[in-house]
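Biologist: I have a model open and want to learn to read it feature by feature. Where do we start?

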Amino acid sequence: MKPRKASRVVLLNERDEVLLIRAQDLLTPSHQWWMTCGGGSELGESAAQTAARELAEETGIECEPHELIGPLATRDEVFEFTEKSLRQLETYFAFRTTEDIELEDAVWTDIEKRSLLEFRWWTRDELMSTTETIYPKNLLSLIDLATAGSVPEVPLVID
C-alpha cells in the first residue's frame with residue numbers, strides 16, 4: 001500500500017475553540033467521524049504548503065505557509081474509506097483565526113462535496129465529554145501546544 005502524504009490544520013478561533021469537520025464514508029453513510037481541516041499533498045508541495053492550501057480550499061481562510069504553527073505532530077494512519085484501505089502520512093500544524101469561515105469561498109472536490117457533512121467549532125469541554133469519534137485521538141494535546149505557542153523541536157508522533 002503506497003502511503004499518501006497529507007497535512008492537517010488545527011484551526012483555533014479567538015475563544016480557543018477548534019474547527020472540526022464531520023465526514024462520512026460514501027459507501028457506509030452511518031460510519032461518521034469528526035476531523036481537522038486538511039488533505040493530500042500535491043506534487044512538489046511541502047507539508048506547510050499543503051496545509052495552507054487545504055485550509056484555504058476547505059474554509060476560505062488564507063494564510064502563508066510560514067504563518068502556520070508547527071509542525072506539531074505526525075501521524076501514520078491506515079484507515080478504510082469507500083471499501084479501500086488507505087495509508088496516510090499526516091503532518092499537523094495549527095493556525096489561529098479571527099475570521100469567520102466563508103464556505104462559499106471553499107473549493108471542494110466532488111468526493112468532499114459528498115462526504116463532508118458539517119463544520120462546527122468545538123470547545124475543550126465538548127471535546128472531553130463527547131462520545132463522537134474524533135481524529136486525531138490526541139487532538140487536545142495539539143490544541144494545548146498551539147494555545148501555548150509551543151512547537152516541539154521534533155514533531156510529536158501521535159495516533
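**Reading one residue, then the fold**

Modeller: Start with one position: Gly38 lies in strand E4. Keep in mind that the model is predicted.

Biologist: Is Gly38 buried or exposed?

Modeller: The cut-off for buried is under 20% relative accessible area. Gly38 has 7% relative accessibility, so Gly38 counts as buried.

Biologist: Which residues is Gly38 in contact with, beyond its neighbours within four places in sequence?

Modeller: Setting those neighbours aside, Gly38 touches Ser7, Arg8, Glu54 and Glu58. Take Glu58 as a case. Gly38 and Glu58 are 20 residues apart along the chain, and their C-alpha atoms are separated by 7.6 Å.

Biologist: Arg8 is among those contacts. Where does Arg8 stand in the strand pairing?

Modeller: Arg8 stands opposite Gly38 in E4. Arg8 also has a bridge partner in E6, namely Tyr92.

Biologist: Now the strands themselves. In which sense do E1 and E4 pair, parallel or antiparallel?

Modeller: E1 and E4 (residues 37-40) pair in the antiparallel sense, over four bridges. With E6 (residues 84-96), E1 runs parallel, and nine bridges join the two.

Biologist: How many of the nine residues of E1 are buried?

Modeller: In a regular strand the side chains alternate between the two faces of the sheet. Now the case here. In E1 (residues 4-12), seven of the nine residues are buried, so the strand is largely enclosed by the rest of the structure.

Biologist: Give me a buried residue in another strand.

Modeller: Try Phe119, found in strand E7 (residues 116-122). Phe119 is buried, at a relative accessible area of 18%. Compare sequence and space as well: Phe119 and Ile101 are 18 residues apart in sequence, and 9.2 Å apart in space, C-alpha to C-alpha.

Biologist: Next, helices. Which residues of H4 are buried?

Modeller: In H4 (residues 139-148), the buried residues are Leu139, Leu142, Ile143, Leu145 and Ala146. Look down the axis of H4: its buried residues fall within an arc of 160 degrees, so they line one face of the helix.

Biologist: What comes just after H4?

Modeller: Gly149, which takes a positive phi of about 65 degrees.

**Charged pairs**

Biologist: How many salt bridges does the count come to?

Modeller: First the cut-off: a side-chain nitrogen of Lys or Arg within 4 Å of a carboxyl oxygen of Asp or Glu. By this rule the count comes to 13 salt bridges.

Biologist: Show me one. Which parts does it tie together?

Modeller: Arg96 forms a salt bridge with Asp16, with the closest N and O atoms 2.6 Å apart. Arg96 lies in strand E6, while Asp16 sits in the loop between E1 and strand E2 (18-24), so the pair ties together parts that are 80 residues apart in sequence.

Biologist: How accessible are the two partners?

Modeller: Arg96 is partly exposed, with a relative accessible area of 33%. Asp16 is partly exposed too, at 34%.

Biologist: What about Arg53 and Glu42?

Modeller: Their side chains meet in a salt bridge, at 3.7 Å from N to O. Arg53 is in helix H1 (residues 47-59) and Glu42 is in the loop between E4 and H1, 11 residues apart. Their accessibilities fall in separate classes. Arg53 counts as buried, at 16% relative accessibility. Glu42 counts as partly exposed, at 45%.

Biologist: Which other salt bridge does Arg53 form?

Modeller: One is with Glu45, where the closest N and O atoms are 2.6 Å apart. Glu45 counts as partly exposed, at 21% relative accessibility. Salt bridges that share partners join Glu42, Glu45, Arg53, Glu54 and Glu57 into one network. Glu54 should be familiar, since Gly38 is in contact with Glu54.

**The whole chain**

Biologist: Step back. How many helices and strands are there in the protein?

Modeller: The protein has four helices and nine strands. Read along the sequence, the pattern is β-β-β-β-α-β-β-α-β-α-β-α-β.

Biologist: And what do the totals say?

Modeller: Take burial first: of the 159 residues, 43% count as buried. Then contacts: among those between residues at least 6 apart in sequence, 67% join residues at least 24 apart. Last, surface: the accessible surface comes to about 8,700 Å², and 49% of it belongs to carbon and sulfur atoms.

Note on methods: Residues numbered from 1 in each chain as written. Predicted model: local features only at pLDDT ≥ 70, side-chain atom pairs only at ≥ 80, totals over all residues. Heavy atoms only, no water. Buried < 20%, exposed > 50% of the residue type's maximum accessible area, 1.4 Å probe, protein only. Arc of directions from axis to C-beta. Pairing = 2+ DSSP bridges. Contact = heavy atoms within 4.5 Å. Areas by Shrake-Rupley, 256 points an atom, 1.4 Å probe, with all protein chains shown as cover.
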